[in-house]
Structure formats: structure tokens, C-alpha cells
Amino acid sequence: LAEKLGMDPMELRLKNALDLGDTTITGDLMVPEVGVGIRACLEAVKQKLAELPLPEVGPDEKIGVGIAAGMKNVGLGNALPDSAGAKVSLESDGTFMVRHGATDMGQGVNDVMATIASRTLDTPLKFIRVHTADTHEDPPGGMTTASRQTFVTGNAVLEASRNVRQQLWQAVSDEFNVPVDQIALQDGVFVSRENGRALISLKELASNGHSFESDVTYDPPTTQAPGKHAPVQAQPGNPPVHFAYDFGAQAAVVAVNPNTGAVRVLRIIAAHDVGKSILPRNVTGQIEGGVIQGVGYATSEAYVLESGIPKTTKYKDLGLLRFRDLPEIVPITVEDPHPRGPYGAKGMGELVITPTAPAIVNAIHNAVGIWVNSLPVTKEKVLAAIQAKE
């Protein structure tokens, strides 16, 4: 479209980016309670593209730059049940146990829950332990899908931690006749803010025979199902189809050899709206991991089936990227705090892979003027397209 209109591809996207008051193609009204961060992601990519000089390429290569943007729901939405539970308790050794049902597959959900509890209970992470995914001991977390755990399970941990904090501070206030707002927890010991006097430790409090715990089930904001044959009617006050969305934009810089069709992905700039970062380190890791998956999906990975029978039977035949194949990755965290997310957070696990392949395909077109519309974009496909064009 941008090419046909004679417009810069970035400006075309900015001109059409969703904003507050707009509706999605399914008729979902974009309101502050849902959030919309796509413009900020596009602007961040645009700025970084202007700042970074283009990489050097070989004498037989042509350089190309392509961009793409995407959005994805956080949570199931569509009026589907989407609750998650959490239990927080003070243990006999003076530490806090956080129990939840989400599976940590490496995305760092346990770190996120520990951090939410730590921040809410005003205590260092060394006092927080996490127990998860035991169906006998831990509250259910719902599906491990929809980039939902930070928002849904995170809110359950937040509420349970607030309840336990209130119980503890009130117990200390009653015991020592100190106003609740004058009590602080410092390295496992409650102290008076007024004079710094130590009152009682968490371990001592836990051994006094009192139970301090909270078991919470969190239900996310109400959503509605889209119509079966038509978009929902976007009206102010109506529930949204999804209570939050992730937004992201990426730019790919590639080198293409027109003589062989070989493509090298040199750089990916990836800007993603996460609401508010609970753990910036984990957000950066999610962006980098999603980009790597996206580059493999775009350029090399193939799972071959013939008559329903897998022909790709070994990892080495999947076309997974090697370290030597990885491009420079420039991760950019865009923060647009969600009003109902835990400390403003949303989620981002799945969206990052979305813009990578189209950005690479657009970059190849920018370099040599051809379109390849099937993945992976192998050198054979690129060369065939170049020859067909010529």
C-alpha cells in the first residue's frame, strides 16, 4: 500500500495507528482502561532507525530496511472465564510463601510473582519463596496462554499480599500500640518509624500462634464476545472484547545477494509496549527471545509433513538458528501503564514474534524489489523471485 501510494511505510502506519476512541476491525473500542501503545512503539522504532547507522554489507549485497507492527490480546477476553488464584502466607521461619498455579516455562513468571509480593510486602526478595503448579497445594492459574499470567495471576498475588500486609501491620499495631502508618518492615524486623525502635521480627510474629495468610481468586475486568457474523457494536460503557492489548513494532535490516538469493538478517529493532515493567531484565529477555524465534520462523525453520506424516524428525533438521546466525537485536521497552494491571503491568510473552517475519519480508522487498509470500524465505525462493522479475 505504501509503495502504491508513494508514502513512507512508517508514515503510513503512523497515519493509521489505533488511538483512543478508535475501534479495532472487530469493533472493539479503544479506551484508557484497555490502553493503546502502538503509536509510541512506532515512534520509538523510527527514532532508533534514525540514530543507528546502517551496517556494512558485502560488495555483492544490497541492503534493505523493512518495518511491521502488530497487536495481541492480553488474557482470554471474549466473555470467557479467566480467573487465577494466589495464596500468600507468613511461614514459621519468617519468610513469605507465594503459591500460584501458573507454569514457569522460562518466561520468568515466578520471578514476577516474587517481585510483586516483595514490593507489596515491603520486604527484600530473600524473604520471598514461590511454590507453583502443584495441583494439590497451589491455587489454579488457568491456561498458560494469552500472555495473561503477569496480569491475572499477578493481580491475585498483589491482592493476597496486600491482605497479608494489612493483617501483619494491624497485629503489630495492636501489640505495641503504634499507629499502622508509623510501622516499617526492615530486613525482617518491624520497627517504629518515629524512633527506629525494633518491635518484633517476622519470625517471632510467626511463632506467636497467629496465622497470617490470604487466599485470593482474581477475576479480570468483564469482557464481551464479538458477534458471530459482525463486529461488536463499540459503545462507551460497553465491556471490551479484551481488557488489554500488547502492541509492538519492529524494523529489520537485511543484506540480500541478488546473485545467489542469500539473505542475512543484520539487525532487528524491536519496540514493545508492556504496560509497566515488573522486571526490566525479563522484559529484555522476552524481546530478544521472541525476535530470535521470529527470525528463524521467517528465514530457516520448516517442519515438513507429507500426508500427515512428519518428515522432519530431528532438531538439527528443523532449521533452528545457530548463534552465528543471530542478528544484532535492539530491544526497546515502551511503558504505558495499564490502570488495572499489577503496578501497571500487562503481559508480552507472545506478541514479540508477530512483527518479525513481515518486517524481514518487507526489508527484502526494499533491498531487491521482490515479494516472497511463503515462509521460510529461503535463498531458492528469493533467487526464483528475482529471476522471475527480471
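These questions and answers deal with the two largest pockets of a predicted model.

In this predicted model, local features need pLDDT of at least 70 and side-chain atom pairs count only at pLDDT 80 or more, while totals for chains, interfaces and linings use all residues. Residues are numbered from 1 along each chain as its sequence is written, and side-chain values use heavy atoms, with hydrogens and water left out.

Reader: How much space lies in the largest pocket?
Author: A pocket is an open set of points on a 1 Å grid over the protein atoms alone, where a 1.4 Å probe fits, with protein on both sides within 12 Å along at least five of seven lines. Points are joined across faces, edges and corners, and the volume is the space filled by probe spheres set on them. For the largest pocket this is about 690 Å³.

Reader: Which helix gives the most to the lining of the largest pocket?
Author: Lining residues have an atom within 4 Å of a point; here there are 32, with Q107, Q286, M348, G349 and E350 nearest the centre. Helices are DSSP runs (H or I, at least four residues), numbered from the N terminus. Helix 4 (109-121), helix 5 (149-176) and helix 7 (280-299) give two or more residues each. The most, 7 residues, come from helix 7.

Reader: Which helix supplies the largest share of the lining of the second largest pocket?
Author: This pocket holds about 580 Å³ of space. Its lining has 20 residues, and A2, P9, R13, I67 and N362 lie nearest the centre. The largest share is 5 residues, from helix 2.
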